[in-house]
Amino acid sequence: QKQYRKHNPLAVSKQEFIELQEYLTRWNTRYRTEFFDALTNYKQIEVQSQIEGDDQESWKKLETARDKYLSLREKSYLARMFHQLPRHNLSSRPLVPHLSSGTVIGPTTEIFLQTFADLAEKQVESQGKWSGIIIIEGDAGTGKNFKVDIYAHMTNREVFEMQGNKTAQKEDILYSYELGPDGTYRLPSYLIRGIQTPGALVLLDEINTYPPEVLKLLNPLLDGRRYINDPQFGRISVHPSVLLVWLMNPQHYLGTTPLSPEIKSRARMMCDEYPEFQLAGGTISWEEGYLVTRHMTRNLQIGKMDQNTFIEFWNACVNNFDTGVQANKDTKKVFQDISAYIAFARSMRSIYQDTMMGKWKDEFHYPISLRDGIQIIEEYERNGCDMKQAIRDVIIPKISGKNVDVGAETAVIESRIAKVL
């Protein structure tokens, strides 16, 4: 205990730590689950009976579970030592995603979140009756991870994320290896820890880069059974409140593995796309322009505009509508430059999609994302409002990679700049 109070990382040896970790994994799952279930049960009884606090039996059950959980968490020497280990980069714990106060949710994202929330509610409430997972498919850079983070933030869910890759083995799904003060330790993976954490959101990114034999291991997670087999601990069930989400790039992209019919039959699929560029009637959509201009720091007249005012100026300057606003020459130029950038980005995204599908007329291997748009707008402000040069300075240095012809792809960018801007 004295060693522990001094935060001595050598208070446990490698073997002691492994045994400690295995013991506390079982401890943490059992009592966190019991506490969560007791709390849920009390809330249900309270709602059904329409009473507030006078159901002594429910209170007693809740307090007993809470005392047991807190007692083990705070008083157990082993538990206290285990919770100290993250100070030494062991068993780091995910958190509920944080969103800045300036986060903007556009109409496309709002519609996406409404659909996602409906499917998430069905997954949690219909245990054993339908598919056990949500799969979101979309181009690179559309903001799939960000939208999931928004949902997790709004619903107060911890996110346990794992990244897919084509060299992954079955062991990578079950275990993670972390460097500690006394060597390398094998710990339960984020997936294993996540599915046992009440209220968590378990996120597997780029799942169609996993080898087929790894995906097959995950099959029991995808339907109403919701469990995974661990050779050491046996069947590990998903807590009823856990939400399972997979992200993937389009299945027809080069370097990805098409999902098998057995996975598709177990999943609910969603598509994530960039905001529309052109609306019905030929008008240019304001949404992406509004998202990227929120990061303007010098032209605050535009950067601080509320959504309705921005739409009025956009329609007046870009779509030539009579909205009743009077834009000076400089303001009109900024709006038109932003519209031209969005047209350029849309054109390059189309070329990128064709490249990923093996259509070789023009090649471009970099997806221009919304993050790139923000960087371009920042550079646009710094260089004196030269959009062409801002695009060159931000995008061209990012063209790289194996078997990438930098000169040819730079020429593609220049041709699109000359055509659109």
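**Figure 1. Strand 5 meets strand 2 in this predicted model.** A good place to begin is the pair V159 and L201: L201, in strand 5, is the bridge partner of V159. The two strands involved are strand 2, covering residues 159–163, and strand 5, and they run in the parallel sense with 5 bridges between them.

**Figure 2. Strand 5 meets strand 8.** Here strand 5 pairs with strand 8, residues 243–248, again in the parallel sense, and this pairing counts 4 bridges. To find your way in this view, look for L203, whose bridge partner in strand 8 is V245.

**Figure 3. The surroundings of strand 5.** Is strand 5 buried or exposed? Of its 5 residues (201–205), 5 are buried, so the strand is largely enclosed by the rest of the structure. The burial holds for both faces. On one side sit L201, L203 and D205, while V202 and L204 occupy the other, and every one of these residues is buried.

**Figure 4. The open sheet of 5 strands.** Stepping back a little, we can follow the strand order 2-5-8-1-9 through an open sheet with parallel pairing. Which strands stand at the edges? They are strand 2 and strand 9 (267–272); each has a single partner strand, so one side of each is left without a neighbour in the sheet. On average, and with direction ignored, neighbouring strands of the sheet are turned by 20° against each other.

**Figure 5. Strand 1 beside strand 9.** Towards the end of that strand order, strand 1 (residues 133–138) runs parallel to strand 9, and 6 bridges join the two. One of the residue pairs to look for is I134 with its bridge partner R268 in strand 9.

**Figure 6. Helix 6 across the strands.** Helix 6, made of residues 144–155, lies across strand 1, strand 2, strand 5, strand 8 and strand 9. Relative to strand 5, helix 6 runs at about 180°.

**Figure 7. Helix 5 packs against helix 6.** The axes of helix 5 (residues 107–125) and helix 6 are 10 Å apart, and the helices pack at an angle of about 60°. That angle makes helix 5 oblique to helix 6. The crossing in which helix 5 passes helix 6 is right-handed. From helix 5, the residues taking part are T109, F112, L113, F116, A117 and A120, and they meet K147, I150 and Y151 of helix 6. By residue type, this contact comprises 7 nonpolar, 1 polar and 1 charged.

**Figure 8. Helix 16 crosses helix 17.** Our last close-up shows helix 16 (residues 370–382) with helix 17 (residues 387–395), whose axes come within 8 Å and cross at roughly 130°. That angle makes helix 16 oblique to helix 17. The crossing is right-handed. Helix 16 contributes D372, Q375, I376, I377, E379 and Y380 to the contact, and helix 17 contributes M387, A390, I391, D393, V394 and I395. These residues divide into 8 nonpolar, 1 polar and 3 charged.

**Figure 9. The whole chain, for context.** The close-ups come from a protein chain with 18 helices and 9 strands. Of its 421 residues, 48% are buried. Among contacts in the chain with a separation of 6 or more, 70% come from residues 24 or more positions apart.

Methods:
Residues numbered from 1 in each chain as written. Predicted model: local features only at pLDDT ≥ 70, side-chain atom pairs only at ≥ 80, totals over all residues. Heavy atoms only, no water. Buried < 20%, exposed > 50% of the residue type's maximum accessible area, 1.4 Å probe, protein only. Pairing = 2+ DSSP bridges. Axes fitted to C-alpha atoms, helices over the stretch in contact; angles between N-to-C directions. Parallel < 35°, antiparallel > 145°, perpendicular 65-115°, else oblique. Left-handed = near helix turned anticlockwise from the far one by under 90°. Contact = heavy atoms within 4.5 Å. Nonpolar A, V, L, I, M, F, W, Y, C, P; charged D, E, K, R; others polar.
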